[in-house]
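The exercises below ask for a careful reading of one chain, and each is followed by a solution that goes step by step. Please look at the sequence and the structure before turning to the solutions.

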Amino acid sequence: MSSLAAERELSRSDPSFGGSLVYLLMNLPMGILAFALLMSFIWLGIGTAVVWIGLPILALVILSVRGAARMERARVYALLDRYIDLPYLPLPVAGQSVRWKARLKDRSTWRDLGYFFVLFPVGIIEFVLVTAFWSTSLGLAGLPIYYRFLPDGVYRFPSWDVPWFTVDSTISALPWAALGVLCVALSVALTKALAGAHARLATALLGPTHAQRRRLEDSWSGVPTMSTVNG
């Protein structure tokens with residue numbers, strides 16, 4: 001582990017509420033975009049590989065995924081305050097064919113790809129949970145204010161024809177508003193918990209494994225220092 005990563009691990013705290021909420025709401029559109037682009041270009045590359053056009057397309061996919069993974073690590077750090085080390089081994093100083101073999105053999109490349117495929121279903125689950133909890137919480141908490149602006153000044157749940165309960169005065173709305181305040185507190189806790197779980201998922205897929213970390217440290221120790229070069 002690099003000194004920066006070790007320092008971040010020691011000083012790491014729970015993600016902030018604001019950063020967690022923004023991060024979770026971003027995951028669904030980003031997951032849809034990533035899934036659509038990956039499926040389109042991967043199948044296009046496979047379908048045209050027989051005429052060699054697909055190979056540059058697939059190479060572009062690999063480079064784009066690794067670049068997008070770097071951006072995702074930066075997004076996790078900016079919004080969730082979780083630093084994720086780069087897991088990539090230094091590319092060999094050789095021809096392009098050798099460097100491409102190293103990229104394809106690097107498990108981090110495929111773990112990056114897996115993360116963006118997983119981001120789509122995970123983003124759906126997170127978006128549904130966050131929007132459902134927050135819409136319910138804010139709807140109940142604000143009931144004493146907005147019920148009078150509804151038709152006939154009455155709120156009926158779950159429907160007008162089949163009301164399980166009716167709110168037609170501030171007094172009758174207060175118990176539900178109190179429940180809404182409690183739900184707001186639960187929604188804050190849920191938002192931070194979901195963001196923390198996603199940060200752990202991102203760290204597991206986008207960060208180095210223990211074996212990769214050892215190889216990275218070995219590669220760093222093998223880099224000659226300035227004193228060695230000058231001596």
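**Exercise 1.** Determine over which residues near the end of the numbering pLDDT stays under 50, and how many contacts beyond four places in sequence the model has there.

Solution. pLDDT, which is the predictor's confidence in each residue on a scale from 0 to 100, stays under 50 over residues 224-231. For this stretch the model has 1 contact beyond four places in sequence, a contact meaning heavy atoms within 4.5 Å. For the chain, the mean pLDDT is 86, and 87% of the residues reach 70 or more. Residues 1-7 also have a pLDDT below 50, and beyond near neighbours in sequence that stretch has 9 contacts in the model. Where pLDDT is low, the predicted coordinates should not be read in detail.

This is a predicted model, in which local features need pLDDT of at least 70 and side-chain atom pairs count only at pLDDT 80 or more, whereas totals for chains, interfaces and linings use all residues. Residues are numbered from 1 along each chain as its sequence is written, and side-chain values use heavy atoms, with hydrogens and water left out.

**Exercise 2.** Describe the secondary structure of the chain and the pattern that it follows along the sequence.

Solution. Taking helices (H or I, at least four residues) and strands (E, at least two) as DSSP runs numbered from the N terminus, one finds 9 helices and 2 strands. Along the sequence their pattern is α-α-α-α-α-α-β-β-α-α-α. Of the contacts with a separation of 6 or more, 71% are between residues 24 or more positions apart. Buried residues, those under 20% relative accessible area (exposed means over 50%, partly exposed in between; 1.4 Å probe, protein chains only), make up 32% of the 231 residues.

**Exercise 3.** Work out how helix 3 packs with helix 4 and with helix 5, and which residues make the contacts.

Solution. Axes here are lines fitted to C-alpha atoms, for helices over the stretch in contact, and angles run from 0 to 180 degrees between N-to-C directions. Helix 3 (residues 54-80) and helix 4 (residues 96-105) pack at about 60°, with their axes 12 Å apart. Angles under 35 degrees count as roughly parallel, over 145 as roughly antiparallel, 65 to 115 as roughly perpendicular and the rest as oblique, and helix 3 and helix 4 are therefore oblique to each other. In this pair Ala59, Ile62, Leu63 and Arg66 of helix 3 meet Trp100, Arg103 and Leu104 of helix 4.

With helix 5 (residues 107-141), helix 3 makes an angle of about 70°, the axes lying 9 Å apart, so that the two are roughly perpendicular. The residues in contact include Ile62, Val65 and Arg66 of helix 3, and Thr109, Trp110 and Asp112 of helix 5.

**Exercise 4.** Establish how the axes of helix 2 and helix 5 are arranged.

Solution. The axes of helix 2 (residues 17-47) and helix 5 come within 7 Å and cross at roughly 140°, and the pair is therefore oblique.

**Exercise 5.** Locate Trp52 and Asp81, and decide whether each is buried, partly exposed or exposed.

Solution. Trp52 lies in the loop between helix 2 and helix 3, and its phi is near 70°, a positive value in a residue other than glycine. With a relative accessible area of 64%, Trp52 is exposed. Asp81, in the loop between helix 3 and helix 4, has a positive phi of about 60° although it is not a glycine. The relative accessibility of Asp81 is 36%, which counts as partly exposed.
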